[in-house]
Amino acid sequence: MEPLSPDAINTLREAKERLIEHSIDRISADLPWFRELPRADRERIETVARAGVSTFIDWIAGQVDTGAPMRIFSAAPQTFTGVISLDQTIALVRIVVDTVQAEAPTIVPPQMRDAVRLAVAQFGSDVGFATAGVYARAAEVRGAWDARLESVAVDALLHDDASVAMTRVSAAGWRCHGPAVAISAQATLDAVAVSRLRHEAHNAAYDCLISVHSENVLVLLGSEGDWQDKQVRERLSKAATELAKTLEGDTVIGPIVADISEGSYSLRCAMAGLDALPAWPGAPRPVQANDLLPERVFAGDELAKAQLFEQIYKPLHALGSTIEETIYTYLLSGASLEGTARALFVHTNTVRYRLGRVASQLGWDATDPREAFVLHTAIILGRLAQSVKADQ
């Protein structure tokens, strides 16, 4: 770029206020949304426009370095990017550049006009790149802040009382009042992968929270609707399963709970399931935390113990000691109908009937190896609990 003479530069400086005023006038005239902004926001934008013209003159005079375009936005607070969009900012920049490009060459001597036109075009291009950079960094900061809020919310659900946890959850942007479900995964995600996961989670469900800790990822999904509605639960379960499949490595899905206030339960179950998963190498991926109850018990999970006792042993015990003893004997005999019949002095059809009754009324089939393992663990836990209770 051909350097301007001192006289040309002085002429531009003398016309600076006029260029600024004309730029602001055009912004107000050409952009209806600008006129609708609150006065404080309009003043921020005017400050940026003023800085743009002033910085251009300093730049063309050689008084600032090539990073000058970025400095334009230092004249406005960080909240500038939250006031108007990137497209709106580009429109503002274009008007200021067009105004300066139209008027500045007429101010300097004729032999300097082409140099000024070229300088304005170059400066305008640099400002465009600077604008994109400002918004990219603002988005990155917002993303990092949002991620931090979500991690704090998940941590609060696990460790704080309900009122504090709900405050953190609301601050993280959780909106829905329907059922929720947690996913715990062993995965290493960078910022881009987390952003992609968040996008997929929002597409899969109404709401989500994501927390990343080293090699573990916790996800909470939320859905609108009544928790008692089977279809609502099925949709949320399907969403959780599909999202879990996108995560590499071991993944466990917690039980669906009525709403986010009970999210801690689903989170703890999913986390305990992930810890216990190595004990069942053949488990499906992803796997439900409730399908890992025996492994979770052996890993010391009190929630799994309580669930086996309340949901399996107590209903089984309520069917009567004869049924319970039949199941226990069948399991000890290696799933032998004949061996169980001989041990109990009954016919094999009687054993079949009792096994079928448990399967139909409780939903657990002792003839299935996996479900037999769950039943066996539940009976052992239940009898130990009853023994402790009797001793007390």
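In what follows, Ala, Val, Leu, Ile, Met, Phe, Trp, Tyr, Cys and Pro count as nonpolar, Asp, Glu, Lys and Arg as charged, and the others, Gly among them, as polar. The model is a predicted one, in which local features need pLDDT of at least 70 and side-chain atom pairs count only at pLDDT 80 or more, whereas totals for chains, interfaces and linings use all residues. Residues are numbered from 1 along each chain as its sequence is written, and side-chain values use heavy atoms, with hydrogens and water left out.

**Exercise 1. Describe the overall make-up of the protein: its secondary structure, its buried share, its contacts and its surface.**

Solution. Start with the secondary structure, where helices (H or I, at least four residues) and strands (E, at least two) are DSSP runs numbered from the N terminus; the protein has 18 helices and five strands. Next take burial, for which buried means under 20% relative accessible area, exposed over 50%, and partly exposed in between, with a 1.4 Å probe and protein chains only; of the 392 residues, 43% are buried. Then turn to contacts (heavy atoms within 4.5 Å): among those with a separation of 6 or more, 67% are between residues 24 or more positions apart. Finally, the accessible surface, computed by the Shrake-Rupley method with a 1.4 Å probe, comes to about 19,900 Å², and carbon and sulfur atoms account for 52% of this area.

**Exercise 2. Characterise the second largest pocket by its volume, its lining and the classes of its lining residues.**

Solution. The search runs on a 1 Å grid over the protein atoms alone, and a pocket is an open set of points with protein on both sides within 12 Å along at least five of seven lines, while lining residues have an atom within 4 Å of a point. Grid points are joined across faces, edges and corners, and a volume is the space filled by probe spheres set on the points. On these terms the second largest pocket has a volume of about 180 Å³. Its lining consists of Ser184, Gln186, His213, Asn216, Val217, Leu218, Asp250, Met271, Leu274, Asp275 and Pro278. Two or more of these residues come from each of strand 1 (180-186), strand 3 (216-222) and helix 12 (263-276). Sorted by class, the lining holds five nonpolar, four polar and two charged residues.

**Exercise 3. Find the salt bridges of Arg26, Asp250 and Arg370, and place each pair in the chain.**

Solution. Side chains of opposite charge can pair when their charged atoms come close. A salt bridge is taken here as a side-chain nitrogen of Lys or Arg within 4 Å of a carboxyl oxygen of Asp or Glu, and the whole structure contains 15 of them.

- Arg26 pairs with Asp30, with the closest N and O atoms 3.6 Å apart; both residues belong to helix 2 (residues 16-30) and lie four residues apart, about one turn of the helix. Arg26 is partly exposed at 33% relative accessible area, and Asp30 is partly exposed at 41%.
- Asp250, which is also part of the pocket lining, meets Arg285 at 2.9 Å, N to O. This pair links distant parts of the chain, 35 residues apart, with Asp250 in the loop between helix 11 (230-245) and strand 4 (251-253) and Arg285 in the loop between helix 12 and strand 5 (287-288). Asp250 is partly exposed at 22%, as is Arg285 at 39%.
- Arg370 pairs with Glu295, the closest N and O atoms being 2.7 Å apart. Arg370 is in helix 18 (residues 369-391) and Glu295 in helix 13 (residues 293-298), so the salt bridge ties together parts that are 75 residues apart in sequence. Glu295 is buried, at 6% relative accessibility.

A network of salt bridges also links Glu17, Glu21 and Arg50.

**Exercise 4. Locate the cis peptide bond at Pro286 and the positive phi values of Ala335 and Phe345.**

Solution. Begin with the peptide bond between Arg285 and Pro286, which is cis, with omega about 0°; Pro286 sits in the loop between helix 12 and strand 5. Ala335, although not a glycine, has a positive phi of about 60°; this residue lies in the loop between helix 15 (321-332) and helix 16 (337-344) and is partly exposed at 43%. Phe345, likewise a residue other than glycine, has a positive phi near 60°; Phe345 belongs to the loop between helix 16 and helix 17 (348-362) and is exposed, at 78% relative accessibility.

Conventions: On a 1 Å grid over the protein atoms alone, a cavity is a set of points where a 1.4 Å probe fits but cannot get out, and a pocket is an open set with protein on both sides within 12 Å along at least five of seven lines; lining residues have an atom within 4 Å of a point.
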